[in-house]
Amino acid sequence: MYGKDAVMEFVKKQLRRLQLMDLPYSTNKISLDNKGFITTISSEKMIALNFYNLGIFEAGLRQEHDAKLVKFLIAYLVKAKSLHFFELVFEDLYEEFLLYLNEGKFVYRTIALIHRLDTKNQVISFPDFCIRPVDKENIEYFYNNLEEYYNHFSLRHTQNNHLPNAIAMLEQKQVLEDSAKRKPFREQIEKLGQSVVLYNGVTEHISFSPVITFSYFDNNGMIKEYDYINNVKNERLRGFVRMDDPASLVSYFQNITLLKNKFIALDRLASAHNKTDMEDKFIDLMIALESMFPSITSEVTFRIALYTATLLDRSQDTYKTVKDLYKTRSNLVHGSSKLSREQLEKQLDELDGIVRKVIVQALEYHARGFGLGKMEEDIVKVLLPN
């Protein structure tokens, strides 16, 4: 009864029947260009793809047909979002169907769009998930099942003045008997956000969509869980974060996941990213820098400039730059800064780069089982050799 040919014939027959019906509903079909940007949104006749109506549809079909075949048909409709038969969609689903039949397990997908991130068509693999370019199937799932997303994009799209859609996405797959057994994932996404900011800085912005979890064979293919990630989120969405060196991003993520305690510098880096005011970003970054030298309580400007230069490159230029940046911070705090916006932006970029380099060094110490105290001890040894 559940052989591939029999299931395929059942699906084709039901699709033909649905095509003859005067359905009052439609689904949004999306086409993408080769970079992943949405080019068109069109409507296609379809049964209503929501939990309530799919439940009614399922109950009606089960009066005449096998319940598992009906489940497959609904999974196909949700995945394909079409009344036409697509062999690739069928083949993908049939593998999951056998898993459900033979082991009672579901493939749960957790996905999120990452706005303003460009993977350059690469798949970046992490231990439990990946970042990859968006695809038609997942973009259609988002824009059909999250009304807030479709309404936002379609309004802009019809004005021919739309913001570009996300072209990168996060994806995790887990094979489980029940979604309640899923491993917690929120913390990993938050650390991924910190890793991206550490990689790229605070002046170009990323933002995560809602994180959704679903399985085509559970809950009628509808969203099972969703969450919002706000620790790294700037909806001003300035610039694009481009992944030229994905290995560094993975390395940063691995080191951040090794942290056992709160790391103030990373929190302040994320806070700077999330703000739109350059002065606020600047102050956050200075707090991040100070937090990595906890023993310094006096002669702060001199000693942090000295420690930073010693750690990074032992150069007079870095020492002088950090002292100048401290002077700017003091002027900003006291409202006496005379810098133009262009000058402040240039100094912000300098500070951003320095702070991120120091954080990377500090994370390396943590990864080796040491802390900030050991990093400071090694700096003092360079300054005061035996």
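**Figure 1. Aromatic pairs in the predicted model.** In this predicted model, the structure holds 22 aromatic pairs. One of them is formed by F106 and Y108, whose ring centres lie 5.9 Å from each other and whose planes make an angle of 55 degrees, an arrangement that is classed as tilted. F106 is buried, because its relative accessible area of 12% falls under the 20% limit, and Y108 is likewise buried, with a relative accessible area of 2%. In the pair made by F126 and F129, the ring centres are 4.7 Å apart and the planes stand at 10 degrees, so this pair counts as stacked. F126 has a relative accessible area of 7% and is buried, and F129 is also buried, with a relative accessible area of 4%.

**Figure 2. An aromatic cluster that includes F106 and Y108.** Which residues make up this cluster? The members are Y2, F72, Y76, F85, F90, Y94, F97, Y100, F106, Y108 and F217, which together form one aromatic cluster. Within the cluster, the rings of F106 and Y108 form the tilted pair described above, and both of these residues are buried, F106 at 12% relative accessible area and Y108 at 2%.

**Figure 3. Strands β5, β6 and β7, with C130 bridged on both sides.** Strand β5, which covers residues 124–125, is joined by two bridges to strand β6, which covers residues 130–133, and these two strands run antiparallel. The two form a hairpin, with four residues lying between them. Strand β6 is also joined to strand β7, residues 168–176, by four bridges, again in an antiparallel arrangement. C130 of β6 stands opposite S125, while in β7 the bridge partner of C130 is E171.

**Figure 4. The surroundings of M292, in the loop between α10 and α11.** Is M292, which lies in the loop between α10 (278–291) and α11 (300–312), buried or exposed? M292 is buried, because its relative accessible area is 0%. Leaving aside residues up to four places away in sequence, M292 touches F263, A265, V355, V358, I359, A362, L372 and M375. One of these contacts, V355, is 63 residues away from M292 along the chain, yet the C-alpha atoms of the two are separated by 9.4 Å.

**Figure 5. L88 in helix α4.** L88 is found in helix α4, which covers residues 87–103. This leucine is exposed, because its relative accessible area of 70% is over the 50% limit. From L88 to K357, the C-alpha to C-alpha distance is 46 Å, and 269 residues separate the two in sequence.

**Figure 6. The whole chain, shown as a setting for the close-up views.** The chain has 14 helices and 11 strands, and its C-alpha atoms fill a box of roughly 85 × 45 × 30 Å along the principal axes. Of its 386 residues, 50% count as buried, and the accessible surface comes to about 18700 Å², with 49% of that area belonging to carbon and sulfur atoms. Among contacts between residues at least 6 apart in sequence, 74% join residues that are at least 24 apart. The chain carries 50 positive and 52 negative charges, and the mean positions of these two groups are 2 Å apart.

Terms used
Residues are numbered from 1 along each chain as its sequence is written. This is a predicted model: local features need pLDDT of at least 70, side-chain atom pairs count only at pLDDT 80 or more; totals for chains, interfaces and linings use all residues. Side-chain values use heavy atoms; hydrogens and water are left out. Buried means under 20% relative accessible area, exposed over 50%, partly exposed in between (1.4 Å probe, protein chains only). Contact means heavy atoms within 4.5 Å. Accessible areas come from the Shrake-Rupley method with a 1.4 Å probe; for residues, only the protein chains shown count as cover. Lys and Arg count as positive and Asp and Glu as negative; His and the chain ends are not counted. The place of a charge is taken as NZ of Lys, CZ of Arg, CG of Asp or CD of Glu. Two strands pair if DSSP finds at least two bridges between them. Rings of Phe, Tyr and Trp (its six-membered ring) pair if their centres lie within 6.5 Å; planes under 30 degrees apart count as stacked, over 60 as edge-to-face and the rest as tilted.
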